[in-house]
Each structure stands twice: as structure tokens, then as C-alpha cells.
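Me: Hey, can you walk me through the aromatic rings in this protein?

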Amino acid sequence: MHESIGIPACFSSGERTVDDQAAVTRSSKSVFMSVYRTKIAGQCRLITITWCKDLLLHGLSVSVEGPDGDSHYQSKVELKPWYFWRKQGSKHFTVDGKIVDVVWDLKAAKFNGETEPRSDYYVAVVCEEEVVLLLGDLKKDAYRKTGSRPALIEPNLVSRKEHLFGKKKFSTKAKFHEKGDSHEITIEIECNNGLNKSSSSGEFDHEMEIRIDGRLVNHVKHLQWKFRGNESVYVNKTRVEVYWDVHDWLFSSGPRQGLFIFKPISSSTIMLSTQIAAADSTPGEDYSGGSSKFCLFLYAWKVE
């Protein structure tokens, strides 16, 4: 059941992860990472699912956080573009003495030009005869193939990370909640043709726009002075905190990274926070609900 599969180039070393910014920048790979929290091998752990794509291959990596929060157990899959690449299979690794199987079926997967498959696939993580994490829409096929039962604890999506590349415009589709609708996010930076005459230093004046589903939700003028900041926006009545740091876009050379964080805030969390503040709760305690802990991280790499 456990076939041997080659390690893709985007996971070239066991010592390095696809989150290595230098490796991502050199190759301009499209990278998506989703982090889930669930119970595996007797403990609550983080499972990271990573998809990467370049001109030659797709890569899929599954890693499980170790008990100290630093060490990781990994399984890597290479999806070559030629006819002989293995579109279904399984691998396994050991976590604290427990066998963890990663089983996938991508024979009919529809990527629609994206890094992650959109439909007609499954990726299952199995431990102790339980499917602790299941991605994709072919759920019945996954349970039948693995011969395992659904886990009693449903995994929670903790965060998503995506690396984007462009000159002045960056676009992606993402969900602010695991079971919510996809939203189109567009980030665009503009530099005025003329010099900013109001500036004694004669510097160029930059502006940035963030749009969600085509609607302008944030317009930052004089970006060279406001390269870090945050703003509350609303998406379908859901409050979303948007944070940005584009210092390197403006003041560094070569491939430059801008960081954007989108954090949905549920109404129940807002009410709970208000009640806690009124009750003068103990500092440092975490009372936030599961949905409020989710964050979307966008790493926008500006290339010339």
C-alpha cells in the first residue's frame, strides 16, 4: 500500500520547508499552505498541507507538528506533468510511534489552472484507523479506499498562507471561513507619474488599493508614509481586520515581499470580548472562539 514516490524540487531538502522565502523567491513558485488543528497520535497537533506549482510539476506536502512544536514529520508527493506520474497512491510516516498514512486520488482532479485542485479529488490523513483530516469532495471514495472511520474530533482550519508574484497587481481567491464562499482579493500598487510636489524630498507618491469581490475596501494614499497599518472592512456583514506591511516594496531592491493578513472577526467573538473586558478578566487568557483564530496570510512578491 505504501508506494515509493520521488521528492519534488520544491521540497528539495528535508532540512528546509517550502516556507523558505529564499527558495520561493528564486523559483517564483506558487505556494499554498493550509494549517489545521486536530487530534493525532493521542495529542492535539497542527497538520500543514502545502501545494506548490511551477512550470514542471505540482508538489504536495503533508507535515505534522512534533510534541515540542518545532520538529515536524513530513510526507512529500511529486506530481509530474507527464503521462506516467502517479495520480493516486499513499505514503506513511511515524508520529510518536503511531503510523500516519497519507492517501490521495488526483486522477480526475480539476485544477483549473490553480495550484490547489478545485474538485474531483481527495487527500486523506489517517491515524489509528481514523481519518483525522480529509480534503476534497470525493469523501466516500476516501473512506472506502482507506477502510477507516471519520474522526470524532473535526479539524479546525487555523491559517492559510499564499505566495503571489507580480509587478504591481496581485490577485487570488480565498475563503475567510472554511465552509464559506470564495472571495476574489486584489491588491494593486500605483506610483504617480509626477513627483509628489507636496513633499520637500521630491519622492514619488505611491497609492495602494485592496479590493474584495471587485469592491474597494481600502485605499491607502501616500503609501511611502503609511507602509504599515491596519483597517477594519466588512465582507458580507463579516468584519475582517486587514493588516499590511509593504516596507520592502518601497525601500528595498530585487524581489520584494509585502505581507497582508486578513483576520475575520465573528460577531459572537466581539460580544464575548466585550463581556470579558467588562468583567475585567485575567490578562493573557485566551477566550476567543475557533473561527476568530483563523488568519489568511498573503505574501506578495514584487518582481520587475
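Reply: Sure, here's a quick chat about ring pairs and a charge over a ring. It's a predicted model, where local features need pLDDT of at least 70, side-chain atom pairs count only at pLDDT 80 or more, and totals for chains, interfaces and linings use all residues. Residues are numbered from 1 along each chain as its sequence is written, and side-chain values use heavy atoms, with hydrogens and water left out.

Me: How many aromatic pairs are there?

Reply: Seven. Rings of Phe, Tyr and Trp (its six-membered ring) pair if their centres lie within 6.5 Å; planes under 30 degrees apart are stacked, over 60 edge-to-face, the rest tilted. One of them is tryptophan 51 with phenylalanine 111, edge-to-face at 6.3 Å centre to centre and 75 degrees between the planes.

Me: Where do those two sit in the chain?

Reply: Tryptophan 51 is in strand 2 (43-53), while phenylalanine 111 is in the loop between strand 6 (98-105) and strand 7 (122-127), 60 residues apart. Strands here are DSSP runs of E, at least two residues, numbered from the N terminus.

Me: Are tryptophan 51 and phenylalanine 111 buried or exposed?

Reply: Both are buried, meaning under 20% relative accessible area (exposed is over 50%, partly exposed in between; 1.4 Å probe, protein chains only).

Me: Which cluster is Trp51 in?

Reply: Trp51 forms one aromatic cluster with Phe111 and Tyr121.

Me: New topic: what sits over the ring of phenylalanine 297?

Reply: The charged end of lysine 161, 5.8 Å from the ring's centre. The rule is NZ of Lys or CZ of Arg within 6 Å of the ring centre and within 35 degrees of the ring normal.

Me: And how buried is tryptophan 301?

Reply: Its relative accessible area is 5%, so tryptophan 301 counts as buried.

How values were computed
Helices (H or I, at least four residues) and strands (E, at least two) are DSSP runs, numbered from the N terminus.
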